[in-house]
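Please examine the model with attention to the surroundings of its ligand and to the strands that contribute to them.

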Amino acid sequence: MIDHILFNVCDVERSTAFYAAALAPLGYKVVKAYEGCAGFGAGPRADFWIFRREPLTAGAHIAFYCGTRALVDAFHAAGIAAGGRDNGAPALRPSYHPDYYGAFILDPDGNNLEAVCHEPALTAPSRPERTQPAPARPRAARR
Ligand SMILES: N[C@@H](CCC(=O)N[C@@H](CS)C(=O)NCC(=O)O)C(=O)O
């Protein structure tokens, strides 16, 4: 599943106006905006981004969603083994958000591929799992 896509643009203001208008019929609007970039979404989550790039390059950025951090690690190892160029080892990137665990690979043409997991790290359960059925609760008296 695709998590987000990013296009490089040279003028973020101009492209924000363009995409806001072009994507409005699809329910997309600007849901995040930072210096040099804007994120669009049809809901609260931004899955389409524009990013100012100087000089402008055509390389796309696509991030694939992973349910676990182990999958992000596996993606990065497989991408390197397949001849991709490392563009960022698997690690947390808290500048995006506290549980953002991503890894980046450049494909043979310079496109920037990412695998990302947004879930918190797996932790041991804070209390032992219940192994016995819960004690029966007294039933309400029937009339
Ligand atoms: N080498 C960086 C790559 C980060 C990256 O490519 N981030 C994506 C957004 S999730 C992107 O296209 N950012 C724009 C940029 O870095 O120019 C890292 O390891 O964190």
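The paragraphs below treat the ligand shell, the strands, one buried residue and the nonpolar cores.

The structure is a predicted model, in which local features require pLDDT of at least 70 and side-chain atom pairs count only at pLDDT 80 or more, whereas totals for chains, interfaces and linings use all residues. Residues are numbered from 1 along each chain as its sequence is written.

The ligand is surrounded by Leu6, Phe51, His61, Ala63, Asn87, Gly88, Arg93, Phe104, Asn112 and Glu114; a residue counts here if its C-beta atom, placed from the backbone, lies within 6 Å of the molecule. This shell comprises four nonpolar, four polar and two charged residues. In this division Ala, Val, Leu, Ile, Met, Phe, Trp, Tyr, Cys and Pro are nonpolar, Asp, Glu, Lys and Arg are charged, and the others, Gly among them, are polar.

At least two shell residues come from each of strand E5 (61-65) and strand E9 (112-117). Strands (E, at least two residues) and helices (H or I, at least four) are DSSP runs, numbered from the N terminus. E5 and E9 pair in the parallel sense through five bridges, pairing being assigned if DSSP finds at least two bridges between two strands. Asn112 in E9 is the bridge partner of His61, and Asn112 is also the bridge partner of Leu106. Strand E8 (residues 101-106) runs antiparallel to E9, joined by six bridges. E8 and E9 form a hairpin with five residues between them, and Gly110 in the turn has a positive phi of about 90°.

Is Glu114, a residue of E9, buried or exposed? Glu114 counts as buried because 23 C-beta neighbours lie inside 10 Å; the criterion for buried is 20 or more other C-beta atoms within 10 Å of the residue's own, with 12 or fewer for exposed and partly exposed in between, all C-beta atoms being placed from the backbone. Beyond residues up to four places away in sequence, Glu114 touches His61, Ala63, Gly102, Ala103 and Phe104, contact meaning C-beta atoms, placed from the backbone, within 7 Å.

The largest nonpolar core has 11 residues, including Ala63, Phe104 and Ala115. Such a core is a set of buried Ala, Val, Leu, Ile, Met, Phe, Trp, Tyr and Cys residues joined through C-beta atoms within 7 Å. Helix H2 (69-81), E8 and E9 are the elements that give two or more residues to this core, and E8 gives the most, with four. A second, separate core of eight residues includes Leu6, Ala38, Trp49 and Ile50.

Key. Contact = placed C-beta atoms within 7 Å.
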